[in-house]
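Open the model in your viewer and set it to a cartoon view. We will begin with the whole chain and then zoom in.

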Amino acid sequence: MIRLRGLSKLYATEEIETAALRDVDLAITEGEYVTVMGPSGCGKSTLLNILGLIDEPSSGEFLFMGEEMSRATERQRAKVRKENIGFVFQSFNLIDELTVYENIELPLLYLGWAPEDRKARVEDVMEQMEISARARHFPQQLSGGQQQRAAVSRAIVARPRLILADEPTGNLDSVHGEEVIRLIGELHAAGTTIVMVTHSPEYARVGDRTVRLRDGQIVSEAEGAGVD
């Protein structure tokens, strides 16, 4: 599904050039669950943003589903992103002015789904995520765990092939954190490819493989325990 070869990302100012990623080689197969670890500032979020087609590399190759994306236009990246990728963020990134239902529905609006199809799909996902009772609530009326359930629902509503999760348990207590990890594990078991950034060695082990970054480079890869 994903192949990076010699991928680098540089951020330059008038005074200094900083390498967020340096000569990264990485392959992720469809249906794999990969966790990414490393100290703060090592390039984890930059890697996730490039995989999610939010940012673009400075050099190197980036193949997504066999297509070269490093030289794609913003319109091309946006199309691939909308049709294939879902995001789960540490800070939830729900829109305060929209209800839970409306937040979850948003990706389907962007994709041009018909109203009756949107309604059926959103209701199905809310039931799956056990958040139907909160459909008409606004994000600020929810607990942290409920907000992350809504965020996961929004990420999966369009049936993406790839879920990118950036510290999805970072703002949650241990109980709700374990719940989110369980939900992500269920998505993986259903065939979705997962790439999750985490600081937790415990949560990293649930994946098929853990990639460790340091100073913008991959320093090790190890098999995980997998999800039961």
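Here is a short tour, from the overall fold to one helix.

**Whole chain.** Keep in mind that this is a predicted model. Select everything and colour by secondary structure: you should find 7 helices and 10 strands. Turn the C-alpha trace along its principal axes, and it spans about 50 × 40 × 35 Å. How does the radius of gyration of the chain agree with that of a compact globule? With 228 residues, such a globule would have a value near 17 Å, and the chain has 18 Å, so the two agree.

**Contacts.** Next, show contacts between residues with a separation of 6 or more: 68% of them join residues 24 or more positions apart.

**Surface.** Now switch on the surface. The chain exposes about 11,200 Å², with 46% of that supplied by carbon and sulfur atoms. Beneath it, 50% of the 228 residues count as buried.

**Charges.** Colour the charged side chains in two colours. There are 25 positive and 36 negative charges, and their mean positions lie 3 Å apart.

**Helix α1.** Select residues 44–51, which form helix α1. Is this helix largely enclosed or exposed? It is largely enclosed by the rest of the structure, because 6 of its 8 residues are buried. To see them, show the side chains of K44, T46, L47, L48, I50 and L51. Residues three or four places apart in an α-helix point the same way, because there are 3.6 residues a turn.

**Just past the helix.** Finally, select L53, which follows α1 and has a positive phi, near 60°.

Terms used:
Residues are numbered from 1 along each chain as its sequence is written. This is a predicted model: local features need pLDDT of at least 70, side-chain atom pairs count only at pLDDT 80 or more; totals for chains, interfaces and linings use all residues. Side-chain values use heavy atoms; hydrogens and water are left out. Helices (H or I, at least four residues) and strands (E, at least two) are DSSP runs, numbered from the N terminus. The radius of gyration is taken over C-alpha atoms; the globule rule is 2.2 Å times the number of residues to the power 0.38. Buried means under 20% relative accessible area, exposed over 50%, partly exposed in between (1.4 Å probe, protein chains only). Contact means heavy atoms within 4.5 Å. Accessible areas come from the Shrake-Rupley method with a 1.4 Å probe; for residues, only the protein chains shown count as cover. Lys and Arg count as positive and Asp and Glu as negative; His and the chain ends are not counted. The place of a charge is taken as NZ of Lys, CZ of Arg, CG of Asp or CD of Glu.
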